[in-house]
Protein chains: 2
Amino acid sequence: MDYYEESLKLHEQHHGKLEVTPKVPCENAQDLSIAYTPGVAQPCLEIQKNPEDSYRYTDRGNTVAVVTDGTAVLGLGDIGPAAALPVMEGKALLMKRFAGLDAWPICLDTKDPEEIIRICKAIAPGIGAINLEDISAPRCVTIERRLIEECPIPVFHDDQHGTAIVVLAGLINAMKLRHADPADMKVVVSGCGAAGSSIIRMIYQYGFHRIYAFDLEGCVDADRKEHYNPLKQELLQYVNKDHQHYASLADGLKGADIFIGVSAPRLVSKEMVRSMNPQSVVFPMANPESEISYEDARDAGAWIVGTGRSDHPNQINNLLAFPGLFRGALDCWATRISESMKIAASRAIASLVSDEELSTDYIVPSPFDKRVVPAVSAAVQKACRESGYYRK
Amino acid sequence: MDYYEESLKLHEQHHGKLEVTPKVPCENAQDLSIAYTPGVAQPCLEIQKNPEDSYRYTDRGNTVAVVTDGTAVLGLGDIGPAAALPVMEGKALLMKRFAGLDAWPICLDTKDPEEIIRICKAIAPGIGAINLEDISAPRCVTIERRLIEECPIPVFHDDQHGTAIVVLAGLINAMKLRHADPADMKVVVSGCGAAGSSIIRMIYQYGFHRIYAFDLEGCVDADRKEHYNPLKQELLQYVNKDHQHYASLADGLKGADIFIGVSAPRLVSKEMVRSMNPQSVVFPMANPESEISYEDARDAGAWIVGTGRSDHPNQINNLLAFPGLFRGALDCWATRISESMKIAASRAIASLVSDEELSTDYIVPSPFDKRVVPAVSAAVQKACRESGYYRK
């Protein structure tokens, strides 16, 4: 099937993918007097007295704004806010389908980080959470961090952390299968953008401390610190702690246990996979074409292979993370999404694969597994309560 | 029935009044490949090539953002953006119920007109139109006018023009019933805020040229021009052309043919109505209590009485105007809502009362009359095409 052609047909036929529908009756003058004037004054006054009552008397506690500036859409790049809308509608569709959330796209005609921050803060009183989407790096990191500090509702940039949460879930189960200690693993990450940086931070926090990061400039290394942007400088806290001077990604992969790719097509050869340690874990996830194909990685002896694709085993899909994460955060009227909430999500995803089921071809559940969202949501809520970032 | 108590119960039970629902299947990996990645890249690329395709491939052409800063909500005043949300959800509910539109509230945590203007312009790429709601005067006028000039999509402030459109519809039919020429009518308007100013401009454009406007400072009069804010100064183009110096509203109403009240409770006595000309038309519409009660106005001999209430004849309800207006504008991918589109809406509303039905107790149709939205929408579309503000 030609997904591109089918997609165009679907979008044209339905004029997009979302609609807004009433949850209450609105058929006659009496319905209106209750749902609208004069009765509606009462919930308004209650919220004026106690602003948190907006979670009680409106849809606020079930809503997510999907905010983009259209600068880094899918693999398409900076296509602008109007052209990003089909993706944002898609994201909102998934929020509803998988977690019952009411998400709505907001496509911004500005690339100024300060302006984007101001707008997100300004719209906060009417929504429960903000999902930043497809905003280019490193701006996306600045925008998200500022908003986490300054915005009274949870702000989460899925492109940074969605994949990271699922990568960690996969690694948790790979370690279990291999009976290995994360601290012993040599991990090579290709790509230091939004997703790569978040993956590095998350897996480090979990216990992977032998991490080496590569990008177009080579191996990230404290000696070259002055040439790095602030985001990359920050990575030096987590990577290359023993000051290796790998000449290339190929050099770094020798004797590695884990490869994580969020970079570009065809950077990893079969030769390079063969140079890794036995029982190697290889997650080539570049989009739309990965660092090495699933088939080539298996041919070259990779023990566990995880990709972004649904037609291979072990799909590392952010869909496993964000619906349950937002569901859990909103269910306790969260004020932010903390690091511990993200790691709780990873653990919850990993835990759904039982010891009996766990195999090199099954380290993470399917996004269509109905247990995923409730498990992630419950774990995230628990972590949120423990970290104190909740209102209910 | 206690509408306030019932309303609070309804809002708590349903957690607000809106939800977002999918229009397309999303049940399995294949559905996702069409509605989301990789297929969704195709509509994105089409829109990138031709931005107007966003109306074709997304819900944009059916969406209205209901934007407020919560400064002038119902009769409650400046209750803030969070407390305004139940009203905005209500407005969105009416948009769907009456015109099939997908409207979504945006409650802004800023009162700065420049910031509100910037935000509305920034969100424009993803929506079809903006309904400004419950923003205090005179800021609302500045904000709307700037956006009409600077924003590429229609922007309409319902509090200004919604009531005005229906008032004009009522007057059109009152004139028909009275066989009178608008130019001969002495019209007294009480209230020069957002609604009053718009009513004065609209009925003047239609042909009512003997208008006198009153507010707390008395009769609007060119001699006092230097004391007026710019909005009120502008009204001098339309009112008091023969330089009357009425001492009071009571003085002005002597010999008047039409009274329109958008001001405050109990400003008009039975005595004052008695001093009007025979076949007087009295629209006391202040909220929640009007300038004179329906009963008192009738007792005092008013010939036609129109109010904001559904429990009396001739309800002057903006619900007759805005759903069809936005429907019509979006159906031709309008770039703005022009003066002629608003007057077309008034004429369409008036035209739904047939000569046989027309009576002093029936000058405007019911908002639940199913002919209203199609008639208004068709008339608005026609006027939009004639004025050139359309894309389709």
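Here's a chat in questions and answers about a predicted model with chains A and B.

Me: What turn lays chain B on chain A?
Reply: Two copies of a chain are related by a rotation about an axis and a shift along it. Here the shift along the axis is 0.0 Å, and the RMSD after laying chain B on chain A is 0.0 Å as well. That's the relation of a two-fold axis. The turn itself is 180°.

Me: Which residue of chain B comes closest to the rotation axis?
Reply: Go by the C-alpha atoms of chain B and look for the one closest to the axis. That distance comes out at 2.3 Å. The residue is Val20(B).

Me: How many residues does each chain put into the contact?
Reply: The same surface serves both copies, since 100% of the contact residues of chain B recur in chain A. The count for chain B is 87 residues, and for chain A it's 87 residues.

Me: What area is buried between chain B and chain A?
Reply: Carbon and sulfur atoms give 70% of it. In chain B, the residues that lose the most area to chain A are Val20(B), Lys23(B) and Tyr36(B), together 8% of what that side buries. The whole area buried between the two chains is about 8,500 Å².

Me: Which element of chain B gives the most to the side that touches chain A?
Reply: Several elements of chain B supply at least two residues each, among them α1 (3-14), β1 (18-22), α2 (29-35) and α6 (113-123). On that side you'll find 48 nonpolar, 18 polar and 21 charged residues. The one that gives the most, with 14 residues, is α5(B).

Me: How many salt bridges cross the interface of chain B and chain A?
Reply: Take Glu19(A) and Lys96(B), whose closest N and O atoms are 2.8 Å apart, so they make a salt bridge under the 4 Å cut-off. Over all chains the count comes to 68 salt bridges. Glu19(A) lies in strand β1 of chain A and Lys96(B) in helix α5 of chain B, so this pair joins two chains. Across the interface, the number of salt bridges is six.

Me: How many residue pairs are in polar contact between chain B and chain A?
Reply: For this count, both residues of a pair need pLDDT 80 or more. With that rule in place, the number of residue pairs is 36.

Me: What is the bridge partner of Val20(A) in β1(B)?
Reply: Strand β1 of chain A, residues 18-22, is joined to β1(B) by five bridges. The two strands run antiparallel. Look up Val20(A) in that pairing, and its partner is Val20(B).

Me: Which strands stand at the edges of the six-strand sheet in chain B?
Reply: The sheet is open, and its order is β8-β7-β6-β9-β10-β11, with mixed pairing. An edge strand has a single partner strand, so one side of it is left without a neighbour in the sheet. The edge strands are β8 (218-219) and β11 (304-305) of chain B.

Me: Do β6 and β7 of chain B run parallel or antiparallel?
Reply: Strand β6 covers residues 186-190 and strand β7 covers residues 210-215, with five bridges joining them. In β7(B), for instance, Val189(B) has Ala213(B) as its bridge partner. The two strands run parallel.

Me: Where does Pro38(B) lie?
Reply: The peptide bond from Thr37(B) to Pro38(B) is cis, with omega near 0°. The bond from Ala137(B) to Pro138(B) is cis too, and Pro138(B) is found in the loop between β4 (129-132) and α7 (139-150) of chain B. As for Pro38(B), its place is the loop between α2 and α3 of chain B.

Me: What is phi of Asp134(B)?
Reply: Asp134(B) lies in the loop between β4 and α7 of chain B. Its phi is positive, in a residue other than glycine. The value is near 55°.

Me: What separates the C-alpha atoms of Tyr204(B) and Ala183(B)?
Reply: Tyr204(B) lies in helix α9, residues 194-206, of chain B. Beyond its neighbours within four places in sequence, Tyr204(B) is in contact with residues including His209(B), Ile211(B) and Tyr238(B). Ala183(B) is 21 residues apart from Tyr204(B) along the chain, and their C-alpha atoms are separated by 9.1 Å.

Notes
Residues numbered from 1 in each chain as written. Chains lettered and ligands numbered in written order. Predicted model: local features only at pLDDT ≥ 70, side-chain atom pairs only at ≥ 80, totals over all residues. Heavy atoms only, no water. Least-squares fit on C-alpha atoms with pLDDT ≥ 70 in both. Contact = heavy atoms within 4.5 Å. Buried area = accessible area lost by both parts, 1.4 Å probe. Salt bridge = Lys/Arg side-chain N within 4 Å of Asp/Glu carboxyl O. Polar contact = N/O pair within 3.5 Å; in protein donor to acceptor, adjacent residues only side chain to side chain. Helix = DSSP H or I, 4+ residues; strand = E, 2+ residues; numbered from the N terminus. Nonpolar A, V, L, I, M, F, W, Y, C, P; charged D, E, K, R; others polar. Pairing = 2+ DSSP bridges.
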